[in-house]
Structures are given as C-alpha cells and as structure tokens.
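Hello,

Here is the structure I promised to pass on to you. Have a look at it first, and then read on for what turned up.

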Amino acid sequence: MNGANYFLIVNFLVGISFCTVFLIVSTRSRSRIAARWIAVAYAVASLSAIAELLVAYSDFPKVFAIAAFMSVLAGLLLIRVGVARLYGVPAHLTALAGFFCAAVVLDVFIYDLPRGTWLHALSYQTPFALAMLFSAIAVIRSSRREPIDRAMVVLLSVATLQFPVKAVIAVLVGAGPTAKDYVHSPYALVSQSMTGVFVVLVGLMLLSVFVLEIMEEARSDSEVDALSSVFNRRGFDAGCERVLRRQPVGPHALILCDIDHFKRVNDTFGHYSGDRVIRTFADLLSNSAPEDAVVGRLGGEEFCVMLPGVSLNAAMLFAQALRGSMAMQPIAGLPQTFRVTASFGVSIFKSSADMSAAMRFADNALYEAKAAGRNCVRQHQSVMPIAMAAG
C-alpha cells in the first residue's frame, strides 16, 4: 500500500468518525439540526476516498473520478448548510444546489483536458475553494463575535486557501497523466495529507463550537429558577458579575422585592395558586425591566432586580411602577376581586465592591416597607449622598 492509499483510508475513517460524533452531539445540542447536517456532510465527503481508490483499481475511472469530485463538493456544501444553521444565517439551499450542478458539469467538461495544466488544476480546485469560502462568509455574516467564532473564520479562510495551493502543486509536481494514475503520483500523497489535516481541524473546531454551546446551555439551566423562569440566586450573582464587568462604574440600583402575605395565599388557595402568583410576579419584573437588567428569584417569594447605570430616583420610580402594576394585576385561578401586592426596598452602589453592602441596604429598606404596612417602596437613606453625587 502506497502513502496515498494509506491517507485515503485514514481520511475515510476520520470522516466516518466525525459523522458519528456529530450525530451524538445532535442529541444534546439545541442546534441539533445543524449537527445533523454536518454529520451527513462528513459521511458524504468520506465516500470520496472510496471513489478515489476505485478510480485507480476499477475499469470505470471516469465515473468514479467524477463521483469523488461530487462527494467532496457535496460534503463541503453540506458543511456550509450546517454552519449556516449553527450561526443562524440563511442556508440558500437552492443556490447551493445550482452551484453544485454547475460545478459537476464543469468537472465533466475538464475531465479530458491535459492534467497538470493551469486550466485543469484551477478549474478542478476552484469549486472546492468557493464552497469552503461560503462557510467562512456565513460565520462572518452572523452576529456572533466570540473568540471561537473568530478562530472559525480564520480556519475556514486558511482551509479555503489550501485548494489554490493544491492547484499550484499539481502543476509543479504533476498529478499523473490520467485520473487512474493520480493515486500513484507524489501529488496524491501531498493532497490527501493536506485534506486529512484540514478535515480534522475543521471538524474539531466545529465540535468546539457545539461543546461550548452545550456547556453554556447547561450553565444557563443551572442558573435559572424552574418555577419563575428568571435567574436563581446563583444565576443572579453571576449575571450581576457579567454586567459589572461590562459597566464597572455606577451608579447601579438594587431593588429587593417581596410578595406580601404570600403564605396566606398558599394557605387559602393552595400551593398551585401560589406558584401562579410567583410566575405572574416574575413575568411582571422580566417584562418591565430594561434589557440590560438582571432579574432573579432569591428564594421563596423574594426577588431582586439589578439596574445598571440607574440613579436612586429613577430606581424609586421604577419600583413604584412595579408596585402599582402588581397591585392591579389579576392572578389566573384566583377570585377576580383578589389582588396580590408586593413591598420593595431600593439602594444604589457605585462598583462591584459595594454590591454586598448595597444588598444589605436594600434588605433594610425592604424591612422598613413591611413595617410601614407593606405594598410600598422604601429607600435606604444612607445611600442618598451617593445618588446626589452621581447626579
């Protein structure tokens, strides 16, 4: 077995392995459709190795040479569809199908041209380069700008360049006088080794994107309260940390919220109705809060809202609006005349170092609101100079 044959078999096994892995990933990822497209892409592309071997050792070299071209190109275009699904950009299936058909016609046309010429080499490799470039463009067009996404663009761009490089090598080294001679040529060894490297690199990079997505989803699940669908205590703390990293200098506001007489609701109407009250209040907080706010259920009937870049006066107005809205909010399953109210404690802070103290201040203010008869908003007086200094 020569070196090219060895790489053909290795590339086939690598392709099937990646196909299997992406199918497994599709069972866990929210981008399962994208993972399945990519799995099919690797399965289809791996068939080119079998076709290449049949070119050399069968009596129908032209048929299998064109089949090898088609399987590689189809695999690359299927990756483009999977990448588009993964990154949330249009897949353009009709356009890709038209491109595939045009490229196959071109391959049939150039098959009998002299091999090792610029015309043949560039005509053969250009469709592959364009198909890979389509994937890079799909990532660029997406709204995702994480380091892994930037690395993906770089890798796909470099993988695109391998095809014109192969064309140059085919001209300089020679790809064999006929398609049947390809597998025995020095160029075949270089070409298949380059293919193997990029098959593995692109596959691993795509897997990294899926794994990071699965990890992020698992982290999000562990940080979200199942009943209210807002952050739990852990998620609230983490969310505040992320916001403060982006906007470290305040003022920032904290609003502690507590549903009044919640135990009475449970005792009178049952825990199922109590759960509806929790969900209704959480929905009110989430729908009313600005997009950059952090909303969390700290436990039981206690919630907290962190408002970045908001002064004390603005936070007080927001809390008053929440109080009024909740007092008028009907609760499904409870009597029409029954209303649930909430109490609020407000404080502000300037930086992450002051947040724990601000949480205590808000808790003290909430206690004052309850002592004042509930269904009201109180602020911690010691934070007033900070609010005035913040303007």
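**The pocket, the cavity and a helix pair**

In the largest pocket, α6 and α7 each supply at least two residues of the lining. Please keep in mind throughout that this is a predicted model.

Let me stay with that pocket for a moment. α7 provides the largest share of its lining, with four residues. The volume of the largest pocket is about 170 Å³. If you would like to find it on your screen, the residues that line it are Arg30, Arg144, Glu146, Ile148, Asp149, Val209, Leu212, Glu213 and Glu216. By character, that lining divides into six charged residues, three nonpolar ones and no polar ones.

Next comes the enclosed space. The count comes to one cavity of 30 Å³ or more. About 800 Å³ of space lies in the largest cavity. To get to the middle of it, look for Val72, Phe128, Lys166, Gln192 and Thr195, which are the closest to its centre of the 43 residues in the lining.

Which elements give two or more residues to the lining of the largest cavity? They are α1 (3–25), α2 (32–57), α3 (61–87), α5 (118–141), α6 (147–173) and α7 (186–223). Of these, α2 gives the most, with eight residues. The lining of the largest cavity divides into 27 nonpolar, 12 polar and four charged residues. You will notice that α6 and α7 turn up in the lining of the largest cavity and also in that of the largest pocket.

Finally, there is a helix pair to look at further along the chain. Helix α10 spans residues 271–288 and helix α11 spans residues 312–327. Their axes come within 11 Å and cross at roughly 140 degrees, and α10 and α11 are therefore oblique to each other. The crossing of α10 and α11 is right-handed. On the α10 side, the contact is made by Phe281, Leu284, Leu285 and Ser288. On the α11 side, Phe318, Leu322, Ser325 and Met326 take part. Taken together, the residues of this contact divide into six nonpolar and two polar, with no charged ones.

If you want a place to begin, I suggest the residues around the centre of the largest cavity, Val72 and Phe128 among them, and after that the lining of the largest pocket, including Arg30 and Glu216.

Enjoy exploring, and all the best!

Methods
Residues are numbered from 1 along each chain as its sequence is written. This is a predicted model: local features need pLDDT of at least 70, side-chain atom pairs count only at pLDDT 80 or more; totals for chains, interfaces and linings use all residues. Side-chain values use heavy atoms; hydrogens and water are left out. Axes are lines fitted to C-alpha atoms, for helices over the stretch in contact, and angles run from 0 to 180 degrees between N-to-C directions. Angles under 35 degrees count as roughly parallel, over 145 as roughly antiparallel, 65 to 115 as roughly perpendicular and the rest as oblique. A crossing is left-handed if the near helix is turned anticlockwise from the far one by less than a right angle, and right-handed if clockwise. Contact means heavy atoms within 4.5 Å. Ala, Val, Leu, Ile, Met, Phe, Trp, Tyr, Cys and Pro count as nonpolar, Asp, Glu, Lys and Arg as charged, and the others, Gly among them, as polar. On a 1 Å grid over the protein atoms alone, a cavity is a set of points where a 1.4 Å probe fits but cannot get out, and a pocket is an open set with protein on both sides within 12 Å along at least five of seven lines; lining residues have an atom within 4 Å of a point. Grid points are joined across faces, edges and corners, and a volume is the space filled by probe spheres set on the points.
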